[in-house]
Amino acid sequence: MMGMILVLLLFLVLFIVYPLFVLLVDSFYTEGHVTLDVFRRVLDMERFRKAFSNTIVLGLITGLLSTLIGLLFAYVDVYVKVRSKAVGGLFRVVSLLPVVSPPFVLSLSMIMLFGRSGILTRSLLHIYNSNVYGLKGIVVVQTLTFFPVCYLMLKGLLKNIDPSLEEAAQDMGASRWRVFRTVTLPLMLPGLGNAFLVTFIESVADFANPMLIGGDYDTLATTIYLQVTGSYDSTGAAAMSVMLLSLTLILFFIQKYYLERKTAATLTGKASRARMLISDKSVRIPLTIFCSLVAIFVILMYIMIPFGALFKLWGRDYSLTFKWFHYLFKYSGFKAFKDSFLLSIIAAPITALLSMIISYLVVKKKFRSKGFIEFVSMLAMAVPGTVLGIGYIRGYANGLFHSGVMAGLYGTGAILIIVFIVRSLPVGTRSGISALRQIDKSIEESAYDLGAGSGRVFATVTLPLIKDSFFSGLVTSFVRSITAISAIILLVTPQFLLITCQINEFAEKGYYGVACAYATILILIVYVSVLFMNLFMRFFGTSRKIKGETKI
């Protein structure tokens, strides 16, 4: 146990705490003394002030719209009697699509559907001056990307509301709207706030969508990137990163340590019985039509990606061709796919194992640094990818490790693997903690009574019981790694070609056919991985049904 704790502490300090600490030092410590000159210089930049206000506005609008649409989807799914099974299938597809796709796929679709050469605007409606860039384009793309997250969060919340509370209000003569406003909504408020803050954090930290479809609407994430790559001002970028990190950390603390606890205290247990679903046409038809149209539109946006790869020249010639796929493999061969797959497949099992070890230590053991390990492992969730990338550049190219063994990490595949691990660690850890809390401690205690040590108990008792979470974390880590861009775009070198960086490069140059070809193959890789995981879990999971009986 001590060995595991020491290894974890070393990893977390070196690759999460240290890069963020270096950013703080860069921002406050200049020429041998503590000063605020860097912050004053950054705050005097009109570009930074505009980017900061743009980021707040974008986060507020995206958070509100995503939470509202997610609430409507969750309400229809849990409360409304939907007669068509196709609607439920649409909801499941929409909730899965953001997981299995790169973060900027919808931006590509928006440009190809509604841009100046868009198939709808130019070819069908003959509008030649359509402009999808800027705030409106980012809001639409981010809302469609993030509302499924709110839908999944609020769906579980609504299922736990006891229907007897709402039915009691109806029996006293309250209308359905009054019941929702005075009973359902107050019970959901902490959960709604939680969903809004999660979406807000994702929105302000997003790099790929604003970079692709933002136009002249700068956000903090894109400004930090351009400050390094365009102005070559890594110190100014560090100060900007500290400000963005402060914003996301404040929201993270509110979401994790206030709203999550309040939600758990407000809604205890599960619904006592099944809910009487709403069948009134005045409620059922409008809500079902709205949610179905949104779901169909999202699916249409994703369908445009493979078509974009097959059309000869988007906006001009819609005859089918495979020339973009031929160009893709001629330009980079299989290197981009090989590098992305290899780095992600190395990072995935390491992340899954580290997540399970951290979860095991946090839930099952008591030691002094327990709180530190739990907090730091979750901290990466609140750190924007560009901020982490700047931290690694400053920490391992110019910081304490500018020479020596650790300096050899910078510019190598190892640093990319470490970034993948750090970015995926919070998701796997949360999943592992939830799974471990469901295991009765007496099972492990019996193994200890028989003379097994901590390592043997973990390997032979605990890990087999949580292998569902382990394999889920394995695939989630692989998916997040192979579709990542914000953290690694500043760290990747010509030695490595990564699929997401290639998509971003070709999309910025206007080569949408090649970008769509890359994105199509990437989506197929990810979807096959998720499908394989589901099949594996069905046949080799912890619980399996054999001849009508569930055996553990």
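In this predicted model, the side chains of R40 and D37 come together in a salt bridge, with 2.8 Å from N to O. Both residues belong to helix 2 (residues 37-43), where a spacing of three residues puts about one helical turn between R40 and D37. Neither partner of this pair is hidden from view: R40 is partly exposed, at 47% relative accessibility, and D37 is likewise partly exposed, with a relative accessible area of 45%.

A comparable arrangement turns up in helix 22. Here K509 forms a salt bridge with E505, and the closest N and O atoms are 3.0 Å apart. The two residues lie four apart within helix 22 (residues 499-509), so about one helical turn separates K509 from E505. E505 has a relative accessible area of 26% and counts as partly exposed, because the buried class is kept for values under 20%.

Pairs of this kind need not sit within one helix, as the next example shows. D26 forms a salt bridge with R394, and the closest N and O atoms of this pair are 2.4 Å apart. D26 lies in helix 1 (residues 2-28), whereas R394 lies in helix 17 (residues 385-397), so the contact ties together parts that are 368 residues apart in sequence. Both D26 and R394 are buried, whereas R40 is partly exposed.

Taken over the model, the count comes to six salt bridges, among them R40 with D37, K509 with E505 and D26 with R394. In general, side chains of opposite charge can pair when their charged atoms come close.

Conventions
Residues are numbered from 1 along each chain as its sequence is written. This is a predicted model: local features need pLDDT of at least 70, side-chain atom pairs count only at pLDDT 80 or more; totals for chains, interfaces and linings use all residues. Side-chain values use heavy atoms; hydrogens and water are left out. A salt bridge is a side-chain nitrogen of Lys or Arg within 4 Å of a carboxyl oxygen of Asp or Glu. Buried means under 20% relative accessible area, exposed over 50%, partly exposed in between (1.4 Å probe, protein chains only).
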